[in-house]
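Me: I would like to learn how to read pockets, cores and helix faces in a protein model. Could we take them one at a time?

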Amino acid sequence: MEDIQIRSFLEHDIYAVQQLNKKEGWNTLVQREEETLCAWLNSEPALIALSEGEIIGYLRGLTDGTVTLYICELLVKEDYRSRGVAEHLIRTAHECFPSTRVEMLASSDSEGYYADRGYRAFHGFRKSAEEI
């Protein structure tokens, strides 16, 4: 894998994160700008992937530190996909909390990626704040 650095999220990274979200069509995160920044500032782990100083991907997670590490969002810039960046982000996040299991949601587009890497599907439900 090329020289990819992983570091913790810094508040000024939010602009680049939002640009990735916009390009991916994750419009709710883009439109809810203040809430998205608040989520990042209150998440652990919150990791940024860089190549030659450019933000090329990220992982935002939540954990209890012992049992579960839930990956809320994982995104890699399209030009950098299939280069191991997502795996590097997940591995780095898990190294911070090595006793945890890793859980995440996947879209139909990314489902095969996770299945190919040994993740098991599980059943879940979701309701947005507006629906409650």
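**Pockets, cores and a helix face**

Reply: We can start with the pockets. The largest pocket holds about 1,300 Å³ of space. Keep in mind that this is a predicted model.

Me: How is empty space found at all, and which residues are closest to the centre of the largest pocket?

Reply: The general idea is that rolling a probe the size of a water molecule over the atoms shows where empty space is left. In this structure, 39 residues line the largest pocket, and Trp26, Cys72, Glu73, Leu74 and Leu105 are the closest to its centre.

Me: Which element gives the most to the lining of the largest pocket?

Reply: That is S4, which gives 7 residues. At least two lining residues each come from H2, H3, S3, S4, H4 and helix H5 (111-116). Sorted by class, the lining of this pocket has 19 nonpolar, 8 polar and 12 charged residues.

Me: What about the second largest pocket: how much space lies in it?

Reply: About 680 Å³. It is lined by 22 residues, of which Met104, Leu105, Arg120, Ala121 and Phe122 are the closest to its centre. Strand S5 (101-104) and H5 each give two or more residues to this lining, and S5 gives the most, with 4. The classes here are 11 nonpolar, 5 polar and 6 charged.

Me: Back to Glu73. Is glutamate 73 buried or exposed?

Reply: A residue counts as buried when its relative accessible area is under 20%. Glutamate 73 is at 10%, so it counts as buried. This residue is found in strand S4. Leaving out residues up to four places away in sequence, glutamate 73 touches Trp26, Leu29, Trp40, Tyr58, Leu59 and Arg60. Glutamine 18 is 55 residues apart from glutamate 73 along the chain, and their C-alpha atoms are separated by 12 Å.

Me: Now the cores. Which residues of the largest nonpolar core touch the most other members?

Reply: In this core of 17 residues, they are Leu59, Leu74, Val85, Leu89 and Ile90. Two or more core residues come from each of strand S2 (46-51), strand S3 (54-63), strand S4 (68-76) and helix H4 (85-96). H4 supplies the largest share, 5 residues.

Me: With which residues is leucine 74 in contact?

Reply: Apart from neighbours within four places in sequence, leucine 74 is in contact with Trp26, Tyr58, Leu59, Ala86, Leu89, Ile90 and Tyr114. There is also a second, separate core of 13 residues, and its members include Ile14, Leu20, Ile48 and Tyr58.

Me: Last, the helix face. Why do the buried residues of H3 line one face of the helix?

Reply: The general idea is that an α-helix has 3.6 residues a turn, so residues three or four places apart point the same way. In helix H3 (residues 33-41), the buried residues are Thr36, Leu37 and Trp40. Looking down the axis of H3, these buried residues fall within an arc of 95°, so they line one face.

Me: What covers the buried residues of H3?

Reply: The cover includes helix H1 (14-24), helix H2 (27-31), S2, S3 and S4.

Terms used
Residues numbered from 1 in each chain as written. Predicted model: local features only at pLDDT ≥ 70, side-chain atom pairs only at ≥ 80, totals over all residues. Heavy atoms only, no water. Core = buried A, V, L, I, M, F, W, Y, C linked by side-chain atoms within 4.5 Å. Buried < 20%, exposed > 50% of the residue type's maximum accessible area, 1.4 Å probe, protein only. Contact = heavy atoms within 4.5 Å. Arc of directions from axis to C-beta. 1 Å grid on protein atoms, 1.4 Å probe; cavity = no way out; pocket = protein on both sides within 12 Å on 5 of 7 lines; lining within 4 Å. Points joined across faces, edges and corners; volume = space filled by probe spheres on them. Nonpolar A, V, L, I, M, F, W, Y, C, P; charged D, E, K, R; others polar.
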